[in-house]
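Me: I am new to this structure and would like to go through its cysteines and then one helix. Could we begin once it is on display?

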Amino acid sequence: MSPQSSANRGSPMRTLTLCAALFIAGAMNAVAHDTGEHHDEGAQRSGAGDPSITEPYVQEMWRNAEATWKVRLKQDETQASCSRFRNAPPDDVAEKILAREASTVVLPKDGQVLGKWQDGEKVAQSGRGGQFSDNADTVNGGNCYACHQMAKSELSFGTLGPSLSEYGKLRNFSAEAARDTFAKIYNPQATVACSNMPRFGAHAFLTEQQIKDVVAYLFDPDSPVNK
Amino acid sequence: MTHRVRVFSLAATLVLLVFGAAGLHAGDTEDEIQRYREMINDPMANPAFLNVDRGEALWKLARGEKNVSLETCDLGKGPGILDGAYAELPRYFADSDSVMDLEQRLLWCMTTIQALDTKEIVARKFSTPGTTSDMEDLVAYIANKSSGMTFHIPLDDVQEQNAYAVGEELFYRRGSLLDFSCATCHSADSARIRTTQLPNLTKPGKDATETMGSWPTYRVSQSQMRTMQNRLWDCYRQMRMPPPEYGSAGLTALMIYLAKQADGGTLNVPSIKR
């Protein structure tokens, strides 16, 4: 493909594109000027930012996104609160988040929260799914190792989250702790408002079975996590 | 041409380095990772200098309906002045009445000076093993003209201040299927994703200056030279958002926020990294 191959394409299109770009830039500036004051007031009032100034930019950044993807531009209430307070919500906001998120947790009907640890290991290792580079049939992973140490034999682990080494063993493999862990993976914000950890079950990113398998990876005495 | 000889003669070294990386997990982690980083951070073995050479040719190439080069393009320091221009971007431009990063500004100059249809250029915004990118090449050339200089982001225009405020909010904006924001990975000190060290980009300091001072970069894992537009696009991919629009105002807002954290830091570009 020659760099000059497109040099003589129609100029009306080009002019239109340029006009559109100018218009958008102008609109953005107007919005920024308008909301700049709100931003200051918001900052003085609550010590937090004002996420509403980002929304026109979000719309512009993804103006050509496919409709099926555009739904992801909209924040839910918890995402908006955590953004606004930069993950350090004041107590009253934190309480609302905890209550709202606790109401989303669905435990397995039969009360059985332990799946198969070998399958849980695959979920813990996989960082795939939900990305625009993934195929539609990609199986989502939990990518636990991105942030947590788990089995000591796996040296490629992240440190954004606490170490989960010997997780079940340290909790005496208790059934109650396993149930809490299922709930924690399903929706970490039911216990810690604005936790960095994804709400895997509440977003239906992982299936109930996948979460059970990860719980087994953490709680099965035979799992490498407890070795 | 000298770049080319240098690069090809050292291609074997790079191959060895990549193989070396595969054996990393067996080694004793932090020291080994640091050693690997130092090994690949060798400007004499950096294929991105091929992009620098191609970028220079593209800068001087007459094209578009007006059949002129980009040599009168004003990147903020006056028409045609490249030295130090990248170290002061993004910045406000009076002619477009907007804050622009280098890539937006180049598209602007192509459209206004050359009357070049940028559709095909934007279609090749990110190179692939079979296709070069004019944008990546031009950025490599122009950024290299600021190598050794320091970031200077004074934010003395009100629109730059507004862009910074928007960029900061975007940085903390959580969303999509996994509730991620930029801050999820980039607001802690000394944290890692797997074995990758994460820079804390919420404050001025070493993390911000080393990060921003090393883009554009040749990414060994992708075998391509990449720009900051590509880096942010890739961040949003991992954040499970749709692909952000190339050269959009939101990306520029994020960039001026990040560049401000790196104010005073030295540029060493194009760099080479994992």
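Me: Is A:Cys144 buried or exposed?
Reply: A:Cys144 has a relative accessible area of 16% and is therefore buried; buried means under 20% relative accessible area, exposed over 50% and partly exposed in between, with a 1.4 Å probe and protein chains only.

Me: Which cysteine sulfur is nearest to A:Cys144?
Reply: The nearest is that of A:Cys147, 9.0 Å away, and A:Cys144 is in no disulfide. A disulfide here is a pair of cysteine sulfur atoms within 2.5 Å.

Me: What kind of model is this, and how are things numbered?
Reply: It is a predicted model, in which local features need pLDDT of at least 70 and side-chain atom pairs count only at pLDDT 80 or more, while totals for chains, interfaces and linings use all residues. Residues are numbered from 1 along each chain as its sequence is written, chains are lettered from A and ligands numbered from 1 in the order in which they are written, and side-chain values use heavy atoms, with hydrogens and water left out.

Me: How many disulfides are there over all chains?
Reply: The count comes to two. One joins A:Cys82 to A:Cys194, with 2.1 Å from S to S.

Me: Where in chain A do A:Cys82 and A:Cys194 lie?
Reply: A:Cys82 is in helix α4 (residues 77–84), and A:Cys194 is in the loop between α8 (175–186) and α9 (208–219), so the pair links distant parts of the chain, 112 residues apart. Helices (H or I, at least four residues) and strands (E, at least two) are DSSP runs, numbered from the N terminus. Both A:Cys82 and A:Cys194 are buried.

Me: And which cysteines does the disulfide in chain B join?
Reply: That disulfide joins B:Cys73 to B:Cys109, at 2.0 Å from S to S. B:Cys73 lies in the loop between α4 (48–60) and β1 (91–93) and B:Cys109 in helix α5 (residues 102–112), so the link ties together parts of chain B that are 36 residues apart in sequence.

Me: Why is the disulfide of B:Cys73 and B:Cys109 right-handed?
Reply: It is right-handed because the torsion about its S-S bond is about 75 degrees. By contrast, the link of A:Cys82 and A:Cys194 is left-handed, with -90 degrees.

Me: Turning to helix α8 of chain B, how many of its residues are buried?
Reply: Of its 15 residues, 13 are buried, so α8(B) is largely enclosed by the rest of the structure.
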